[in-house]
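Biologist: I am new to this structure and would be grateful for a close look at one part of it, the pairing of aromatic rings. Please then place that part in its wider setting.

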Amino acid sequence: MSILLNKDNNQGIYKETTTWADGSPIANQEDGFFYLKLGTKYFEKSETCVKLTTFGGDEKGVLDSSQALQAAINFCIAAKKDLVIDGNFRIEHTVIIDRLVDGPNNRSWFKIIGGELRVTTGIPLFSSTIDQKNDVKDKHGNLIYTQYLPVSQMVEFIGVNFTSTMDNSFVFDGNKFLRCSFVTCSFVKIKMLEANVDYVQSLYFQSCSIRDWVGTWFKAGKGCYDIRFSQVTAEHGESFIEAYEYFKYDKVQLFIQSSVIEGLEGFGINFRGSSIVNVKDCYFESNKKGDIITDNPALPVADNGVNILDNFFGPVGNNAIDNTGSGYYHIVLGELYSGTIRGNSCTDSNNLIFFKTTKHDIEYGLNGGDSAINQPSKRARVFYGDTVLENGNNGNVVLFNEDIAIGSLIWNINLDKNNDWVGAICIERGSYEKAKWKKFGTFTTPITVSKNYLNVSENLNDYTKTGVFFVTTQPDFTSAVNYPVNEMGMLTVYNSEDPSTGNVHQEYATIISNKKYIRSYDGYGGLWTQWDLLNKTVEHLTSPAPSAPSDNYSKQDLISTNTRLEELIQQLHTSGLLKN
């Protein structure tokens with residue numbers, strides 16, 4: 001049961017308890033706020049959140065509230081309470097949050113909720129004093145390299161407005177925080193972090209607004225893992241995300257979905273050395289240096305797992321910067337060996353994507369706005385051409401020499417009798433000089449109804465293409481039109497499709513008399529033969545049905561029959577089969 005208590009001007013709703021928030025027993029102690037002792041009994045305040053003003057914070061933002069924020073955070077971590085930022089607070093000094101990664105008391109979220117934290121100096125707002133250093137050694141104890149790991153974890157910011165009056169202020173101090181979440185938060189003129197000592201890991205941003213910053217808002221100079229943005233709006237700043245591999249140690253993992261990245265003086269997303277980068281269902285517009293780029297020439301690594309799917313790339317306007325040496329492109333990629341670029345739409349005709357090298361192997365297609373994609377970018381799994389040489393070279397299908405993947409297809413665009421294959425599939429990976437291809441499909445001359453009704457005044461000598469043509473009125477049987485007979489019918493034409501001969505065969509079948517006439521055209525001699533009528537012959541494959549019995553027998557029939565019976569009886573007697 002809860003009761004109203006008032007002790008030393010501390011009034012609130014309390015309930016009786018025997019333990020602290022972590023379950024340990026209370027023994028002759030009280031904190032004077034959340035826990036009170038009255039006589040021999042202990043009481044816990046029913047409120048689960050601590051207000052920053054309770055610790056002396058100035059909610060009007062005139063005075064520095066750094067010490068009050070530090071005291072409130074220390075208390076909340078110890079008491080397992082959440083902190084409410086109940087006002088607009090000015091912060092001039094870095095505040096420490098120490099929640100040891102995987103520590104036994106730090107496995108649930110510590111929430112900081114609502115209000116404004118306004119930084120007025122060039123500092124990181126939050127840091128940690130936990131030692132980051134970790135020496136990696138071989139089995140003999142020799143030092144291989146030293147890591148500086150994330151050390152403080154499980155902090156969730158909900159509805160907090162982060163602002164700054166300085167261009168060089170940050171929310172986090174480098175890569176010190178892990179497994180932290182920002183939900184419906186706002187960031188105005190303050191950057192997230194800049195980590196140049198080691199990798200960043202597991203930071204989540206959902207439904208956040210980011211505006212008016214200088215420099216790069218999120219910079220991971222030595223790798224990052226599990227960095228996720230969803231329904232985020234990043235507008236009117238400089239550059240948004242910059243993430244590079246820690247060479248030979250840590251890769252780049254980014255996931256950006258359903259977000260808006262617009263109106264930036266720099267780039268939207270810049271990465272190099274990825275193991276996975278997913279950008280899906282996003283809106284890009286008017287980012288001067290590009291929307292998605294890989295621009296770090298000092299890092300000699302390739303990218304993997306790059307998936308750019310179903311995004312809209314709006315107009316960049318007149319402020320675009322030439323980011324390729326060949327003009328402005330929304331997507332500029334380098335060496336790349338796995339991933340998919342598909343289903344994107346671009347309003348800047350011909351300026352969707354640019355590959356800086358021919359060394360890439362990805363699935364690419366169904367994108368709008370890439371009709372004039374630069375030639376080395378035509379790397380896809382489906383090609384069109386008319387040559388696949390037996391030694392593996394695919395001839396003139398494409399114009400560059402990077403490796404091609406198994407399963408790639410070439411569709412024959414010049415299919416005929418002399419080029420008798422529908423397509424070819426790559427069965428062994430390699431350069432176009434060495435890749436192995438297997439052809440499939442064969443050429444078949446189509447029988448098509450080229451013309452439903454043939455004009456009876458037309459000359460049949462002019463019908464040399466394969467097809468079927470119908471004559472439904474009486475033809476003008478003259479030598480000028482070359483009909484075999486003055487009767488309605490059907491003309492069937494077969495062309496040899498052999499350009500060296502040009503032979504043609506015609507058949508004319510009449511409809512009423514059911515006769516067929518044939519003739520041919522000799523391509524060598526250039527002459528038509530005369531029409532010939534085919535003879536109709538019928539071969540009966542079974543015996544005709546026997547006639548019905550009749551009583552009208554002639555005398556000779558009876559004599560013949562009796563003679564045959566006498567001969568049969570004599571044979572039976574001779575053989576002994578018939579006895580008297």
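Modeller: In this predicted model, the count of aromatic pairs comes to 29, where two rings are taken as a pair if their centres lie within 6.5 Å. One of these pairs is formed by Phe229 and Phe240, whose ring centres are 5.4 Å apart. The planes of these two rings stand at 65°, so the pair is edge-to-face, since an angle over 60 degrees is the condition for that class. The pair links distant parts of the chain: Phe229 belongs to strand E24 (residues 224-230) and Phe240 to strand E26 (residues 239-244), with their positions 11 residues apart in sequence. What is the relative accessible area of Phe229? For Phe229 the value is 2%, so this residue is buried. Phe240 has a relative accessibility of 1% and therefore also counts as buried, the limit being under 20%.

A second pair is made by Tyr463 and Phe469, with ring centres 4.8 Å apart. The planes of Tyr463 and Phe469 meet at 70°, so this pair too is edge-to-face. Both of its members, Tyr463 and Phe469, are buried.

The setting of these rings may be described next. The protein contains 2 helices and 50 strands. Among its 580 residues, 43% count as buried. The accessible surface amounts to about 29800 Å², and carbon and sulfur atoms supply 50% of that area. Of the contacts between residues with a separation of 6 or more, 56% join residues 24 or more positions apart.

Several of the strands illustrate how the chain is paired. Strand E27 (residues 252-257) runs parallel to strand E30 (residues 274-280), and 6 bridges join the two. Within this pairing, Leu254 stands opposite Val277 in E30. E30 also pairs with strand E33 (residues 306-309), again in the parallel sense, over 4 bridges. Here Asn278 has Asn307 of E33 opposite it.

Parallel pairing is found in an open sheet as well, where 3 strands follow the order E8-E11-E17. Strand E8 (95-96) and E17 each have a single partner strand and stand at the edges, so one side of each lacks a neighbour in the sheet. Strand E11 (residues 124-127) is joined to E17 by 2 bridges. Aromatic residues appear in this pairing: Phe126 has Phe172 in E17 as its bridge partner.

Just before E17 comes a loop that includes Thr165, between strand E16 (161-164) and strand E17 (170-172). Is Thr165 buried or partly exposed? The relative accessible area of Thr165 is 42%, and therefore this residue is partly exposed. Leaving aside residues up to four places away in sequence, Thr165 touches Val119, Thr120 and Lys189. Gly122 is 43 residues from Thr165 in sequence, while their C-alpha atoms are 8.7 Å apart in space.

An antiparallel arrangement is given by strand E12 (residues 133-137) and strand E13 (residues 143-148), which are joined by 5 bridges. Lys133 has Tyr148 as its bridge partner in E13. E12 and E13 form a hairpin with 5 residues between the strands, and in the turn Gly141 has a positive phi of about 90°.

Helix H1 (residues 66-79) offers a contrast to the strands. H1 has 14 residues and reaches 20 Å from the first C-alpha to the last, close to the 20 Å expected at 1.5 Å a residue. The buried residues of H1 include Leu69, Ile73, Phe75 and Cys76. In an α-helix there are 3.6 residues a turn, so residues three or four places apart point the same way. After H1 comes Lys80, with a positive phi near 55°.

Finally, confidence in the prediction should be considered. The mean pLDDT of the protein is 81, and 75% of the residues reach 70 or more. For residues 371-381 the pLDDT is below 50, although this stretch has 42 contacts in the model beyond near neighbours in sequence. Residues 538-551 likewise have a pLDDT below 50, but for this stretch the number of such contacts is 0.

Technical notes
Residues numbered from 1 in each chain as written. Predicted model: local features only at pLDDT ≥ 70, side-chain atom pairs only at ≥ 80, totals over all residues. Heavy atoms only, no water. Buried < 20%, exposed > 50% of the residue type's maximum accessible area, 1.4 Å probe, protein only. Contact = heavy atoms within 4.5 Å. Areas by Shrake-Rupley, 256 points an atom, 1.4 Å probe, with all protein chains shown as cover. Pairing = 2+ DSSP bridges. pLDDT = per-residue confidence, 0-100. Expected span 1.5 Å × (residues − 1). Phe/Tyr/Trp six-rings, centres within 6.5 Å; stacked < 30°, edge-to-face > 60°.
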